[in-house]
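Here are some notes for a first look at this structure. Please keep the 3D view open while reading.

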Amino acid sequence: MAPLVKELESRREIESRCCITAQHREMLDDVLRLFSITPDHDLNIMEARQSLYTITSKCLLGLEAVFSQEKPDLVLVHGDTSTTFSGALAAFYQKIPVGHVEAGLRTWDRYSPFPEEMNRTLVGDLAKFHFCPTVSNRNNLAAEGIRDGVFVTGNTVIDALKTTVQESYRFRTDLLNTLDYKGKQIILVTCHRRENYGQPMTNIMQALRRVAEDFPQVELVYPVHLSPVVSQAAQTYLGGHERIHLIDPLTPDEMHNLMARASFVMTDSGGLQEEAPALGRPVLVLRRETERPEAVDAGTVLLAGTEEEAVYQHAARLLTDPEAYKQMAQAVNPYGDGHACRRIVDAILWSAGLREERPEEFSV
């Protein structure tokens, strides 16, 4: 959302206000610093061991006051978090139109990812404008009967990479400056989704440990999510290995630059499935399904699942089969060309009668 905030600020026809809920305080503050964003409203809702109930209720109450004060003509929400759903619902309660950035992603399983699949589906029903990264996302909305106010823009995350990735980048996390990116095979790992809690996460961690033990040329770098469930599992199954680096969460610019230098990515994250292909890095998705099938179809993303042996074998293949690696690394990124934010703002202006031509759609 950060590059879109900056694009809105740059347009004379638009008066924009930025409101953050701080659902994840530490990670959010890094983004604000990186993009020089000063929020107009900060709800600061985060608390220890927060639940979906507390996040949603505190967002709703806080946004009621913000929207009553600002009286906006349009509220933009992004993606599939509880903040996203709460923001759309709070706007709807005041009859304020909603624009959904990154609209139309679906797995068609309401419990996976949880609660994200239902969050974005409900926002789709509440929104007036739908800014879809891909044609496939637009088709998903059409299957639900949503055809008006739909724009294919590409994903704003690709816009963000233009700001963050630099060849001469120096990491603030000292360990990352000491890794042998040319002599070793660096695997970037993230694993944090709620539906992977329990046995799936155990399976994934055990597979990762086997990869490190069986391939001496490999180093795993795992920025561990702040969730106590995730950090405990990571320490239990991956701690104490000299070539497995469990580190604190990274700022977006550190994550993007590490990704650009890694051999490949193993993740259950959504955004990394879009970012890594833009950087020519194969992705093994540690989930049973993905709401981003375009990259699977393109060949740059592979669904590895959550079973230990399958995860291990997929990683082993990329480590030992240069042709398989090459095919994934050179696949076309289907998620954007770095101009999604411009298309979104142009679509808003066109819809408001402040622009004569409908913006062109993103296509691969």
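1. Start with one pairing. Strand 11 and strand 12 run parallel and are joined by three bridges. Within strand 12, Leu-303 is the residue opposite Val-285. Bear in mind that this is a predicted model.

2. Now the whole sheet. It is open and has six strands, in the order 9-8-7-10-11-12, with parallel pairing. Its edges are strand 9 (244–247) and strand 12 (301–303), each of which pairs on one side only. From one strand to the next, the twist averages 20°.

3. Look next at strand 10 (residues 264–267). Towards strand 7 (residues 185–190) there are four bridges, and the two strands run parallel. Here Phe-264 of strand 10 faces Ile-187. Towards strand 11 (residues 283–285) there are three bridges, again in the parallel sense. Val-265 has Val-283 as its bridge partner in strand 11. Between these two strands the chain passes through helix 12 (residues 272–278), and this β-α-β crossover is right-handed.

4. Which way do the strand 10 side chains point? Phe-264 and Met-266 point one way, while Val-265 and Thr-267 point the other way. All of them are buried. In general, side chains of a regular strand alternate between the two faces of the sheet.

5. Finally, two helices that lie across strands. Helix 10 (residues 228–238) lies across strand 8 (218–223) and strand 9, and runs at about 160° to strand 9. Helix 11 (residues 252–261) lies across strand 7, strand 8 and strand 10, and its angle to strand 7 is about 140°.

Definitions and conventions: Residues numbered from 1 in each chain as written. Predicted model: local features only at pLDDT ≥ 70, side-chain atom pairs only at ≥ 80, totals over all residues. Heavy atoms only, no water. Buried < 20%, exposed > 50% of the residue type's maximum accessible area, 1.4 Å probe, protein only. Pairing = 2+ DSSP bridges. Right-handed = clockwise from strand over helix to strand, strands pointing away. Axes fitted to C-alpha atoms, helices over the stretch in contact; angles between N-to-C directions. Contact = heavy atoms within 4.5 Å.
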